[in-house]
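Reader: I would like a close look at one part of this model. Please take the nonpolar core and walk me through what lines it and what sits around it.

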Amino acid sequence: MGLDIDTRAYFTAATIIIAIPTGIKIFRWITTIRKSFVIFETPILWALGFVFLFTVGGLTGIVLSNSSIDIILHDTYYVVAHFHYVLSIGAVFAIIAGVTHWFPIIFNMSINPNFIRAQFWAIFIRVNITFFPQHFLGLNGIPRRYSDYPDAFTTWNVISTTGSIMSTARAIFFLIILIEAISSNRSLLNFNFNSSSSEFIIAFPPVNHTFLQTTIFYK
């Protein structure tokens, strides 16, 4: 890209510095779950998937913090994979975790747990099929924003494209799951929904002063 040495030094320093708060966030999330009685419902699966994807993206960011390596990998598919693991699929997993948790509370309608659990595993596998091969493409030097590539890159590109198509199909299926939950009118109160969250044991909508003190759940 022809970056001068001062600009490369800035990006190197910024990448190293950002690794500190990023590491703190990851360990904070893990510590929140540590020694807790975790019920592996769908929202926690999406949250754990987010932590995993965010961690992978952070580890590849540490590789890019080496200025000598970053000169080679800058503006290649390696950077594309790094950014998507952190900012794209990581953020999407966090958003879907919030949707699956709050949807029953907001609409008083439950999402089919079998559908949404299958959706998680399908999306988790497919986004990794899409973006993980791009690390290898970047290490081999294929640049970003290219409409064509040499035949040597065909295998990984085909795998990545296949994962992308399947991920798009699963995104459409997620909308179908939400539509099915609304159209079925499956009330949360009449559905066997196992949750340890305090939001699910109160009235809809909650009355004022529902909790006079902090509630602690023991199991």
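Author: The largest nonpolar core holds 27 residues. Trp-46, Phe-93 and Ile-111 touch the most other members. Four helices each supply at least two residues of this core: helix 2 (42-64), helix 4 (77-107), helix 5 (113-131) and helix 7 (154-183). Keep in mind that this is a predicted model.

Take Trp-46. Set aside its neighbours within four places in sequence. Trp-46 is then in contact with Phe-93, Ile-96, Ala-97 and Thr-100. Its contacts also include Ile-116, Gln-119, Phe-120 and Ile-123. In soluble globular proteins, nonpolar side chains tend to be buried together.

Now a polar residue, Asn-157. Asn-157 is found in helix 7, one of the helices that supply the core. Asn-157 has a relative accessible area of 8%. The cut-off for buried is under 20%, so Asn-157 counts as buried. Its side chain reaches the backbone oxygen of Phe-153 at 2.8 Å. Beyond four places in sequence, Asn-157 is in contact with Leu-137, Ile-142 and Tyr-149.

Last, the whole chain. The secondary structure comes to seven helices and zero strands. Of the 219 residues, 35% are buried. Take the contacts with a separation of 6 or more: residues 24 or more positions apart account for 79% of them. The chain exposes about 13500 Å². Carbon and sulfur atoms supply 67% of that area.

Methods: Residues numbered from 1 in each chain as written. Predicted model: local features only at pLDDT ≥ 70, side-chain atom pairs only at ≥ 80, totals over all residues. Heavy atoms only, no water. Buried < 20%, exposed > 50% of the residue type's maximum accessible area, 1.4 Å probe, protein only. Contact = heavy atoms within 4.5 Å. Areas by Shrake-Rupley, 256 points an atom, 1.4 Å probe, with all protein chains shown as cover. Core = buried A, V, L, I, M, F, W, Y, C linked by side-chain atoms within 4.5 Å. Polar contact = N/O pair within 3.5 Å; in protein donor to acceptor, adjacent residues only side chain to side chain.
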